[in-house]
Amino acid sequence: MSDDSLHSLETSESTEKIEVKETETTQSSMVRPYMGQNSQDDENDENNDTVDEIGQFQGNIRSNSNLKPRSRKNSIRGLFERRPSVLTNPSIDSQEVEYGKLTKQYSHQDFFSDDLLGGSQITRVMTENSGPGSRIRGPGDLESNKLKEIESSLTDDDDEKSLGSCKSIHRQPSWVPAELERITTSIRSTISARARKVGFFSDEFRKTRSYMVVHFALVYLVMVLFVMGIFSVYWGSLYERDSRLKNLKFLIIGDEIGDESLLTDTVLQASETPELQAKGTWIYLNSAEIPSQYTNVTAFAIHEVHRQKYWAAILVTRNSTANIRQAFETANSSFTNEGLIYLIYESGRDLTGFGAYVMPSLNALEVEVLSMQGDGVYGPIINSLSPDQTLEVAANTTLASQSLSFTKIDYRPVTAPVTQAPQQIGLIYLSILSFFQFNFLGPIHAKVSQDLRRWHFVLYRMIASQISFLVLSLAFTLVSVAFQVDFSRGWSHGGIAVAWMFSYLTMAAAGGYNENMALYAFATYPPLVGFGMLGFVIVNVAPTFAPLELSPGFYQYGKAMPLYNGFQLLRTVLFGTTKKHIGLNIGVLFAWIIAMNALLPFSLSFFAKKKSQEATAAREAAQAEAAQAEAAQAAK
């Protein structure tokens, strides 16, 4: 090494050695041996020592940034590759054990990054080679060893080369202290937080305990009010439903003419019993009262049921009583009672409600008619027979043993159980699925919002949501197609496309609500998102999956809800039920879509305003905290 190079470093090295000596003297007065005590005061003292050492180390690094060596043998990389071996000091104090533990436990993850000053290597040197009888390496040791390494690596032949390398160190003074400041602040904050940990029943935790009790009570109050309020809507739709079975309307048509109407009279008499009066409203029409545009009574009964004026029609065919009398008078053993009474209905009108509430009433009527057939039909006919005819009937066991029965005709049957999936539970999934696009596309919307103007962004959100609903509703429909759900009963051609459009309208209406609700909830109180979604589903389901006639009048609001109208539309595709309400159902869904899109700009503005206020408040709080920390550090 040249004398000039060594001489240029002597002044800086002597200055650093003086600082090192002062630092070691300060550390020796501050650090006391670790004696194994677990008291809180010992931990706090050791944490403070660690913080002070980091601060001194940072100050020495900053002062060392002004070094300008004249020679340059090694590059920065070569300089710091040898640093761990140089920095390793066998004569370290026993305090390094605790110092290393604290460094490993509380250092920020960025402290281990391989930055320009080799942060991971510095940390590793500070935490390794610890043992009894050693001392803490202060920042002065690190700086002194660094300078010794530079001095030992310099030669006369590399003055110019070394000078360029050291200049590269000097060009980074603004970056290095800032990075170390961030790392040091993070470690100091973590250690301070660790030092503040207290027991649950300690006096220092009293304020937090009070806060916890009050806020737990408020949260429980909100949740209890939600459960009791929203869940009551669904429970209320089921409350005393059996008492409202009388609201179900049934049509009884008698096509018998003249005095031969014993069978019709028996059916009417059965429907007038108190038990049957509690199970439905039975409306009687004579064949003479049927409008003239219908060619026969059967066509009229089918039409009335299909148009959903009645849940079912009981049709007593023409000359039924006369045919029974003739069979008894002639002892016709081939006579059967089939076709005397028809029961016409459409089970596809309500998949679960029909079997649970409508059919029990119809079965009760049939049982009551059978219990009256002896006195109401067969008794009068047998009493009118001659003795010989009576003997012949008695000998004909087949004729005498026959009883009346209803011939049941389901014009819109449920042919496959898989159809329950898209029409009932599938609608609930459809509503929930409409919220997923809000979550999944949130990061994309946030990115786009940074570049687009306000109204361009609002228009973009509207279009993006509708495209998402189209794609998701198509996937919803294709699942039904994959499981061979028949879409041709309502539309022989294009049933799948019609089902897709109906699913899209339902999802767009429900999804518009979910999107606006989520924007307001995330801006004010994010836990409300779950309540908002669940409450919307309950309010929609309560009037949908059972006949509205069986619920209190309050539930007529269901006719204005998205899921109810989507339910009505999908069953026209799946079962071919009446299409007379399609225009109304589509209109309600379009009204929801328009209203929710009209509300979207206000929701977005409210969300942006709230987030801007939160960001401003957080920035001001951070600035205040930083100023307080600087003031506290300056006071020290």
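Buried residues account for 45% of the 636 residues in the protein. The model is a predicted one. Its secondary structure comes to 25 helices and five strands. Among contacts between residues at least 6 apart in sequence, 82% join residues at least 24 apart. The protein exposes about 32,800 Å². Carbon and sulfur atoms supply 59% of that exposed area.

Strand β3 spans residues 312-316. Five of its five residues are buried. In a regular strand, side chains alternate between the two faces of the sheet. In β3, both faces are covered. Ala-312, Ile-314 and Val-316 are buried on one side. Ala-313 and Leu-315 are buried on the other. Two strands pair with β3. Strand β1 (residues 249-254) pairs with β3 in the parallel sense, over five bridges. Here Ile-253 stands opposite Leu-315 of β3. Strand β4 (residues 341-345) pairs with β3 in the antiparallel sense, also over five bridges. In this pairing Ala-312 stands opposite Tyr-345 of β4.

Helix α10 covers residues 206-238 and has 33 residues. From first C-alpha to last, α10 reaches 48 Å, close to the 48 Å expected at 1.5 Å a residue. Nevertheless, α10 holds a kink of about 40°, centred on Ser-232. The buried residues of α10 are Arg-209, Phe-226, Val-233 and Ser-237. Their cover includes α23. After α10 comes Glu-240, with a positive phi near 50°.

Helix α25 runs from residue 582 to residue 635 and has 54 residues. Its span from first C-alpha to last is 78 Å, close to the 80 Å expected at 1.5 Å a residue. A bend of about 35° occurs at Leu-600. A proline, Pro-601, follows within four residues. Both Leu-600 and Pro-601 are among the buried residues of α25. The others are Ile-582, Asn-585, Val-588, Leu-589, Trp-592, Ile-593, Met-596, Asn-597, Ser-603 and Leu-604. Four helices are included in the cover of these buried residues: α21 (454-482), α22 (495-524), α23 (528-541) and α24 (562-575). Helix α23 thus appears in the cover of α25 and also in that of α10.

Within helix α24 lies Gln-568. Gln-568 counts as buried because its relative accessibility is 9%, and the cut-off for burial is under 20%. A polar contact of 2.3 Å joins the side chain of Gln-568 to that of Arg-571. Arg-571 also takes part in an approach to the loop that follows α24. The backbone oxygen of Arg-571 lies 3.4 Å from a polar atom of the Thr-577 side chain.

Thr-577 is placed in the loop between α24 and α25. At 1% relative accessibility, Thr-577 counts as buried. Its contacts, leaving aside residues up to four places away in sequence, include Arg-571 and Thr-572. Thr-577 also touches His-306, Gln-308, Glu-346, Gly-348, Arg-349 and Arg-412.

How values were computed:
Residues are numbered from 1 along each chain as its sequence is written. This is a predicted model: local features need pLDDT of at least 70, side-chain atom pairs count only at pLDDT 80 or more; totals for chains, interfaces and linings use all residues. Side-chain values use heavy atoms; hydrogens and water are left out. The expected span of a helix is 1.5 Å times one less than its number of residues. The bend at a residue is the angle between axes fitted to the seven residues ending there and the seven starting there. Buried means under 20% relative accessible area, exposed over 50%, partly exposed in between (1.4 Å probe, protein chains only). Contact means heavy atoms within 4.5 Å. A polar contact is a pair of N or O atoms within 3.5 Å; within protein, one must be able to donate a hydrogen and the other to accept it, and residues adjacent in sequence count only if both atoms are side-chain atoms. Two strands pair if DSSP finds at least two bridges between them. Accessible areas come from the Shrake-Rupley method with a 1.4 Å probe; for residues, only the protein chains shown count as cover.
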